[in-house]
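These are my notebook entries from a reading of one structure. I set down what I looked up, in the order in which I looked.

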Amino acid sequence: MSQDSQHGKWSISSSDDDDEDPLPSSGSSSKPGQAADSNHSSKREPVAAAAVVKSEPNNGAASLLAIGSEARQAAHASQLNPVKYESSPSMAGKRKKEALEDLGWALSDSDDDGAGGEKGKSLRDLPKRSPPSPKAKKVKEERPPSPHGRVYYIDEPQDFFEASVPHLNDTYRFYLNKVTGLDKKFNTGALHIRDILSPLFGTLKESVQFNYCFDIAWMVQQYPPEFRDRPVLIVHGDKREAKARLVQQAQPFPHVQLCQAKLDIAFGTHHTKMMLLWYEEGFRVIINTSNLIRADWYQKTQGMWMSPLFPRLPKGSPASSGESPTFFKKDLLEYLASYRAPELTDWIQRIREHDLSETRLTPDSHTFTWIHMQVHTVHTDHTQPFPDEESWPVIGQFSSIGSMGLDKTKWLAGEFQRTLTTLGKSSLRSDPTIHLVYPSVEDVRTSLEGYPAGGSLPYSIQTAQKQLWLHSYFHRWKADTTGRSHAMPHIKTYMRTSPDFTQLAWFLITSANLSKAAWGALEKNNTQVMVRSYELGVLYLPSAFNMKTFPVQRNPFPVSSSSSGFPVPFDLPPTHYSTKDQPWIWNIPYSQAPDTHGNIWVPS
């Protein structure tokens with residue numbers, strides 16, 4: 001079966017046409033053929049990665065299983081013996097043909113031309129079907145595995161981490177992560193996890209880490225020595241083998257306890273990324289987009305919202321005390337209660353005892369969102385129509401894509417678009433333009449990480465070939481204003497902008513990728529929303545800041561504490577794909593040009 005579009009042509013076997021995505025691995029919680037969320041899909045067993053992890057257990061992949069991201073496991077295993085770029089087209093073609101035969105589908109040679117010779121690369125020869133070799137000796141004190149192998153990570157300079165309270169944007173409290181290898185200017189006002197957990201922001205007593213992927217040993221090292229033995233509760237969604245691996249990771253750390261999120265809906269995942277920090281001085285919430293593994297805090301673009309320090313309420317305060325105008329406290333408590341977890345009972349009580357109303361006194365008012373119907377409700381209740389609203393486009397930016405259906409009306413331009421464009425109580429409007437920002441093959445090839453960055457962008461060929469109509473919406477990842485054009489995005493943001501891209505009607509940072517599993521889909525005659533996964537984000541509304549719209553900050557770095565502009569993490573207006581651009585697809589080979597590390601990409 002051959003599929004054509006201006007952004008690529010792929011040929012796949014008819015057997016693959018029947019199954020949208022590879023089946024999840026044991027212990028995975030992603031739905032086959034759907035939730036291709038960056039982290040969701042990375043825990044699935046991709047077709048291209050299964051052979052690496054299973055057939056060569058002693059090639060370095062075994063130690064990587066603790067991370068829980070099989071996309072990154074495969075990339076890491078491959079980088080131990082990377083395939084270097086070879087100018088000989090016969091060798092590249094041979095390696096490519098072998099890979100495709102092993103996967104059970106074929107990519108026509110015309111695809112090379114369609115990419116303008118800029119197709120991506122991979123990382124190693126296909127695994128030989130030979131008996132496993134003896135186990136390699138464990139490397140003492142080795143760093144958490146990198147997609148590039150053990151030697152890839154470099155130490156950050158001494159001034160990379162904050163030594164004093166940094167200058168931050170106190171208006172919006174929205175921050176990007178620090179990226180290793182950037183000019184210092186673009187990290188000034190950005191935050192690393194070590195900065196967040198440092199004494200600069202409070203004297204830590206206990207913390208909770210909600211996330212999807214964990215490297216517990218690495219996580220513990222990010223706490224400063226004086227806080228490193230303080231109690232930490234990990235909230236996760238792992239089951240069976242994955243849960244057993246997580247329990248094993250936690251064994252050396254008696255102060256680390258685990259809490260399993262209840263996943264009552266089949267194939268749901270716990271994708272929320274949040275920190276609850278309890279200090280001697282008060283309480284703080286951080287909602288971010290990074291997994292608790294080093295690769296996510298190294299050379300990727302991530303984002304976070306960090307709350308102010310919430311003080312403790314006077315004893316005997318009424319239960320309704322400490323609320324914000326947008327019911328921030330109520331939403332947070334309801335979200336935590338939805339876990340039905342005894343381990344969170346004390347935390348719920350602690351939050352009740354703190355004053356979260358500062359968001360009303362300063363322009364720090366935000367609303368939690370975890371299903372798109374709530375976004376719809378918030379828009380309706382807290383925003384007003386404005387002239388020419390139908391000309392204001394919506395931008396969605398994400399790191400993975402699920403199944404959208406046979407055409408745009410099935411979900412994207414239906415309930416999803418209505419959710420993101422309903423402002424005020426007006427229902428008589430034309431549908432605005434939707435721009436989707438997702439890295440192209442060339443974006444990944446020329447990134448700081450090279451092709452292995454694509455291990456965190458798990459858009460599969462099985463899904464892509466069924467929705468070629470979607471690719472006409474795609475725009476490149478370009479972030480020159482924040483210095484992050486070559487730091488591939490794991491951040492997820494959605495916004496509505498003015499036609500000239502200078503104003504925002506609202507802005508959302510969230511864990512949710514572009515998938516029905518993350519955002520939900522209407523069922524039962526549109527009377528019920530099915531949301532499979534735990535997702536959490538923060539929605540910025542101008543009305544909460546006494547503004548009509550947010551002005552876009554054109555030069556977010558270095559950060560200014562008094563800036564009134566909103567620091568959008570990528571360039572506006574977005575750059576539409578050219579006819580030669582193709583969206584990054586993680587389970588097909590790219591062997592026509594080397595990446596920034598001289599490697600090619602051959603899934604195995």
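**Entry 1: annotated positions**

I began with the UniProt record, an unreviewed entry, which places the feature "active site" at His 271 and His 490. I then checked how the two lie in space: they span 220 residues in sequence, yet no two of their C-alpha atoms are more than 12.7 Å apart, so they gather at one spot. I note that the model is a predicted one.

I next looked up where each histidine sits. His 271 belongs to the loop between β6 (256-260) and β7 (274-279). His 490 is in the loop between β13 (474-475) and β14. Are these histidines buried or exposed? I found a relative accessible area of 0% for His 271, which is buried. His 490 also counts as buried, at 0% relative accessibility.

**Entry 2: the sheet**

I traced an open sheet of seven strands with mixed pairing, in the order β3-β9-β8-β7-β4-β5-β6. Its edge strands are β3 (174-176) and β6, each of which pairs on one side only. I recorded an average turn of 20 degrees between neighbouring strands of this sheet, direction ignored.

I then followed β4, residues 204-210, and its neighbours. Five of the seven residues of β4 are buried, and I therefore list the strand as mostly covered. Towards β7, β4 runs antiparallel, and six bridges join the two. As one point of reference in this pair I took Leu 204, whose bridge partner in β7 is Tyr 279. Towards β5 (residues 232-236), β4 pairs in the parallel sense over four bridges. Here I marked Phe 210, which stands opposite Val 235 in β5. The connection between these two strands includes helix α8 (residues 216-222): β4, α8 and β5 make a right-handed β-α-β unit.

Elsewhere in the sheet I looked at β8 (residues 283-288) and β9 (residues 303-306), which run antiparallel and are joined by three bridges. Ile 287 has Trp 305 in β9 as its bridge partner.

**Entry 3: helices against the sheet**

Which strands does helix α9 touch? I found that α9 (residues 240-250) packs on the sheet and touches β5 and β6. The direction of α9 makes about 165 degrees with that of β6. I then turned to helix α10 (residues 328-337), which lies across β4, β7, β8 and β9. With respect to β7, α10 runs at about 110 degrees.

**Entry 4: salt bridges**

How many salt bridges does the structure hold? I recorded 13, and I examined several of them.

Asp 159 and Lys 184 form a salt bridge, with 3.2 Å between the closest N and O atoms. Asp 159 lies in the loop between α6 (110-114) and β3, and Lys 184 in the loop between β3 and α7 (193-196), so this pair ties together parts that are 25 residues apart in sequence. I list Asp 159 as partly exposed at 45% relative accessibility and Lys 184 as exposed at 53%.

Asp 170 forms a salt bridge with Arg 173, the closest N and O atoms being 3.9 Å apart. Asp 170 is partly exposed at 39%, whereas Arg 173 is buried, with a relative accessible area of 10%.

Asp 229 and Arg 230 form a further salt bridge, with the closest N and O atoms 3.9 Å apart. Asp 229 counts as exposed at 54%, and Arg 230 as partly exposed at 25%. I also noted that Glu 162, Lys 178 and Asp 195 are joined into one network by salt bridges that share partners.

**Entry 5: backbone geometry**

I looked up cis peptide bonds and noted the one from Phe 557 to Pro 558, with omega near -5 degrees. Pro 558 lies in the segment after β19 (550-551). The bond from Leu 572 to Pro 573 is cis as well, with omega near -5 degrees. Pro 573 is likewise found in the segment after β19.

I then looked up positive phi values in residues other than glycine. Phe 501 has phi near 65 degrees and lies in the loop between β14 (493-497) and β15 (503-510). Asn 546 has phi of about 60 degrees and lies in the loop between β18 (537-540) and β19. Their surroundings I entered separately: Phe 501 is buried, with a relative accessible area of 11%, whereas Asn 546 counts as exposed at 76%.

Technical notes
Residues numbered from 1 in each chain as written. Predicted model: local features only at pLDDT ≥ 70, side-chain atom pairs only at ≥ 80, totals over all residues. Heavy atoms only, no water. Buried < 20%, exposed > 50% of the residue type's maximum accessible area, 1.4 Å probe, protein only. UniProt positions renumbered as here; feature names shortened; annotations may be inferred. Pairing = 2+ DSSP bridges. Right-handed = clockwise from strand over helix to strand, strands pointing away. Axes fitted to C-alpha atoms, helices over the stretch in contact; angles between N-to-C directions. Contact = heavy atoms within 4.5 Å. Salt bridge = Lys/Arg side-chain N within 4 Å of Asp/Glu carboxyl O.
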